[in-house]
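Work through the exercises below with the sequence and the coordinates open beside you, and try each task before you read its solution.

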Amino acid sequence: MPLQSNPDKDIQQLQKENARLKAALGEAEYECQRLEIINSNLQLQLEESNRELEKNIEVLQSFKNDIESLVDNLKGSK
């Protein structure tokens, strides 16, 4: 004897599953937005760090040039 399907019960089950999937999608979208904000903040921090690093490299290069000049002057004065 084949099993009979109950259309009303099937519709209710599908509606419950649809609601569950919509809730999961909503949570995923929220998490995605949260991660986008975090990513944006990290990108800004990275850009600022790169600017600071470039400044530090320039300062170190200047120090290196000054030291090389001092060494040359000391060698020349001997």
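**Surface and burial**

In this predicted model, the accessible surface of the chain comes to about 7,600 Å², and 58% of that area belongs to carbon and sulfur atoms.

**Exercise 1.** Determine what percentage of the 78 residues in the chain is buried.

*Solution.* The cut-off for calling a residue buried is a relative accessible area under 20%. With this cut-off, buried residues make up 0% of the 78 residues in the chain.

**Exercise 2.** Count the helices and strands in the chain, and then decide whether the chain is spread out or a compact globule.

*Solution.* The chain contains one helix and zero strands. Its radius of gyration is 33 Å, whereas the globule rule gives 12 Å for 78 residues; because the value is well over that figure, the chain is more spread out than a compact globule. The C-alpha trace can also be described along its principal axes, where it spans about 110 × 25 × 5 Å.

**Exercise 3.** Check whether the end-to-end distance of helix α1 agrees with its number of residues.

*Solution.* Helix α1 covers residues 7-77, which is 71 residues, and at 1.5 Å a residue it should span 105 Å. The C-alpha atoms at its ends are 102 Å apart, which agrees with that expectation. At the N-terminal end, α1 is capped by Asn6, which has a side-chain oxygen 3.2 Å from the backbone nitrogen of Asp8. For a second distance, take Lys16, which lies in helix α1: its C-alpha atom is separated by 79 Å from that of Ser69, and the two are 53 residues apart along the chain.

**Exercise 4.** Classify Lys16 and Glu31 by relative accessibility, and identify a polar contact of the Glu31 side chain.

*Solution.* Exposed residues have a relative accessible area over 50%, so Lys16, at 57%, is exposed. Glu31, which is also found in helix α1, has 31% relative accessibility and therefore counts as partly exposed. The side chain of Glu31 makes a polar contact of 2.6 Å with the side chain of Arg34.

**Exercise 5.** State how many positive and negative side chains the chain has, and how far apart the centres of the two sets lie.

*Solution.* There are 10 positive and 15 negative side chains, and the centres of these two sets lie 4 Å apart.

Conventions. Residues numbered from 1 in each chain as written. Predicted model: local features only at pLDDT ≥ 70, side-chain atom pairs only at ≥ 80, totals over all residues. Heavy atoms only, no water. Helix = DSSP H or I, 4+ residues; strand = E, 2+ residues; numbered from the N terminus. Expected span 1.5 Å × (residues − 1). Polar contact = N/O pair within 3.5 Å; in protein donor to acceptor, adjacent residues only side chain to side chain. Rg over C-alpha atoms; globule rule 2.2 N^0.38 Å. Buried < 20%, exposed > 50% of the residue type's maximum accessible area, 1.4 Å probe, protein only. Areas by Shrake-Rupley, 256 points an atom, 1.4 Å probe, with all protein chains shown as cover. Lys, Arg positive; Asp, Glu negative; His and termini not counted. Charge placed at Lys NZ, Arg CZ, Asp CG, Glu CD.
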